[in-house]
Protein chains: 2
Amino acid sequence: MVSLIGAGPGDPELLTLRALKRLQRADVILFDALVDARVLALAPRARCIDVGKRAGARQVAQATIERLLIRWARRGLRVVRLKGGDPFVFGRGGEEALALARAGVPFEVVPGISSAIAAPGLCGIPLTHRGLSSALLVMSGHDLAQAARLIEALPAEGATLVILMGREHRVELARLLLRRGFPARAPAAVIQSASLPQQRLWSGDLSQLAEAALGRELDPHAPSVLVIGATVGVARALAAALPQAA
Amino acid sequence: MVSLIGAGPGDPELLTLRALKRLQRADVILFDALVDARVLALAPRARCIDVGKRAGARQVAQATIERLLIRWARRGLRVVRLKGGDPFVFGRGGEEALALARAGVPFEVVPGISSAIAAPGLCGIPLTHRGLSSALLVMSGHDLAQAARLIEALPAEGATLVILMGREHRVELARLLLRRGFPARAPAAVIQSASLPQQRLWSGDLSQLAEAALGRELDPHAPSVLVIGATVGVARALAAALPQAA
């Protein structure tokens, strides 16, 4: 049996109770780069294997990960595949589920809190809000050509746009959104390391997001969630009314 | 202090560890209709008040909820506002946060797993998948006029569309999507009571979703999540390869 588990945005307290149960009983855990060490510490029995992709380090190929999951499950081990956020939101969980199913290995999906929802939430940015946003659009900024095609087809208002893995191409993404007709003054935010002690928030507008220099409050290396839409303004209203909450 | 907490899709095991901690210490809990009784049972000390909106029952007005949160917090009670899913995804959490901030009442947001992500995930439907979907669109089907405006502006392919509160207007929503250019053969699913013992899945295509009669496998009253997109086909491939996992 393999459990495809979402570890949430990072803070171990944002794990689900089911994820904790599975970790406590796990024999082997294959984990990704964005999984916090404190989460792994909750699995005392397990052999923990880092298959994450960090800049510069050797990557473990997707096919290798799938082969390892199948091999260990066939040996009767309790196998956990642990991913940041949710396994089915940019987590390649679907590919792993298919590989397991085709090998006849039973699996379960344990949903986790995607950073697409947790990062704005923890910064006081509602994804939907009466009169401001009635939908949520989540995409990845990793593949710029693919992102460009998607942005062409997105509604320019009435929804909150969340771009995961948005750091590297931030400037290009913001420019694509402006070209698409998103307002230059659309409130925008960049959230880094959501839920962790080093969480950071930059807040401005889309035209500023399109500028190369965002100021010193951002870490040039940390994973970043971009949020564009009127609901970013709600977080500002919250911070103005109650400074300690923001 | 008020905690705005997402209870996840229903199963208490899909609560976060932080939500559990807050429930265990809570003095008073204001909860919504979709919060499971087993979740409330985790809060032994708390007075639990149902402010949820059920068909036929008397509703508690939003302004009343906000007034109660502020009153109890000012009395020094540990107050929990408990919502199904995530408080900031169609949960009106932003409105409550603003009311609290304006009253000078400190609050925190504890993200939960939105049904928009958990329902497909628990049915084996990835939200994103290489070559099939590179984005996730989440909207509500409750207000048909608003949904119609949004659907006009949505990309007809390359993304997975999730419609929460989609039961009542299912037929109209499907017809709007067909008119927008979504393919009649686009895989579609209806998921009810995700994560609970009575979870149900209907799977077909968009043209079938637009038909009034969906067969007997669906509960005409249960809350329903609609999913439209090629990734619904992944769940079918999983079920075909590994029947017991589906």
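This is a short selection-by-selection tour of a predicted model with chains A and B.

**Stop 1: the two chains together**

Colour chain A and chain B differently. Then select the residues that meet across the boundary. On the chain B side there are 61 residues, in contact with 62 residues of chain A. Together the two chains bury about 5100 Å². Of that area, 70% lies on carbon and sulfur atoms. Now pick out B:E13, B:L17 and B:F88. These three supply 13% of the area that chain B buries against chain A, more than any other three residues.

**Stop 2: the chain B side of the interface**

Keep the chain B side selected. Count the polar links first: 18 residue pairs are in polar contact across the interface, with both residues at pLDDT 80 or more. Next, show the cartoon. Several elements of chain B each give at least two residues to this side. Among the helices are helix 1 (17-25), helix 4 (93-102) and helix 5 (115-122). Helix 6 (144-152) and helix 9 (232-241) contribute too. Strand 5 (107-110) and strand 6 (135-140) also belong to the set. Colour the side by residue class. It has 39 nonpolar, 13 polar and 9 charged residues.

**Stop 3: a strand pair across the chains**

Select residues 135-140 in both chains. This is strand 6 in chain A, joined by 5 bridges to strand 6 of chain B. The two strands run antiparallel. Which residue of chain B is the bridge partner of A:L137? Click on B:L137: the partner carries that number in chain B.

**Stop 4: salt bridges across the interface**

Show the charged side chains at the boundary. There are 6 salt bridges across the interface of chain B and chain A. Over all chains, the structure holds 22.

Start with B:D11 and A:R18. They form a salt bridge, with the closest N and O atoms 2.8 Å apart.

Now select A:D11 and B:R18. Their side chains meet in a salt bridge at 2.7 Å, N to O. The pair crosses between chains. A:D11 sits in the loop between strand 1 (2-6) and helix 1 (17-25) of chain A, while B:R18 is in helix 1 of chain B. Are these two residues buried or exposed? Both A:D11 and B:R18 are buried. For B:R18 the relative accessibility is 12%, so B:R18 counts as buried, the cut-off being under 20%.

Stay on B:R18 and show what surrounds it. Leaving out residues up to four places away in sequence, B:R18 touches A:D11, A:E13, A:L14 and B:V110.

**Stop 5: salt bridges within a chain**

Move to chain A and select A:E96 and A:R81. They form a salt bridge, the closest N and O atoms being 3.0 Å apart. This pair links distant parts of the chain, 15 residues apart. A:E96 is in helix 4 (residues 93-102), and A:R81 is in strand 4 (residues 79-83). A:E96 is buried, with a relative accessible area of 1%. A:R81 is buried as well, at 2%.

Switch to chain B and select B:R81 and B:D32. Their side chains meet in a salt bridge at 3.1 Å, N to O. B:R81 lies in strand 4 (residues 79-83) of chain B. B:D32 lies in the loop between strand 2 (28-31) and helix 2 (37-40), 49 residues apart from B:R81. B:R81 counts as buried at 2% relative accessibility. B:D32 is buried with 18%. Then add A:D11, A:E13, B:R18 and B:K21 to the view: salt bridges that share partners join these four into one network.

**Stop 6: helix 7 of chain B**

Select residues 170-180 of chain B. The buried residues of this helix are B:R170, B:V171, B:L173, B:A174, B:L176 and B:L177. What covers them? The cover includes helix 6, strand 7 (160-164), strand 8 (187-192), helix 8 (206-209) and strand 10 (224-228) of chain B. Step just past the helix to B:G181, which takes a positive phi of about 110°.

**Stop 7: A:V190**

Finish on A:V190, in strand 8 (residues 187-192) of chain A. A:V190 counts as buried at 2% relative accessibility. Show its contacts beyond four places in sequence. They include A:R170, A:W202, A:L214 and A:V225. Then measure to A:A97: the two C-alpha atoms are 32 Å apart in space, and the residues are 93 apart in sequence.

Notes:
Residues are numbered from 1 along each chain as its sequence is written. Chains are lettered from A and ligands numbered from 1 in the order in which they are written. Side-chain values use heavy atoms; hydrogens and water are left out. Contact means heavy atoms within 4.5 Å. Buried area is the accessible area (1.4 Å probe) that two parts lose on being put together, summed over both. A polar contact is a pair of N or O atoms within 3.5 Å; within protein, one must be able to donate a hydrogen and the other to accept it, and residues adjacent in sequence count only if both atoms are side-chain atoms. Helices (H or I, at least four residues) and strands (E, at least two) are DSSP runs, numbered from the N terminus. Ala, Val, Leu, Ile, Met, Phe, Trp, Tyr, Cys and Pro count as nonpolar, Asp, Glu, Lys and Arg as charged, and the others, Gly among them, as polar. Two strands pair if DSSP finds at least two bridges between them. Buried means under 20% relative accessible area, exposed over 50%, partly exposed in between (1.4 Å probe, protein chains only).
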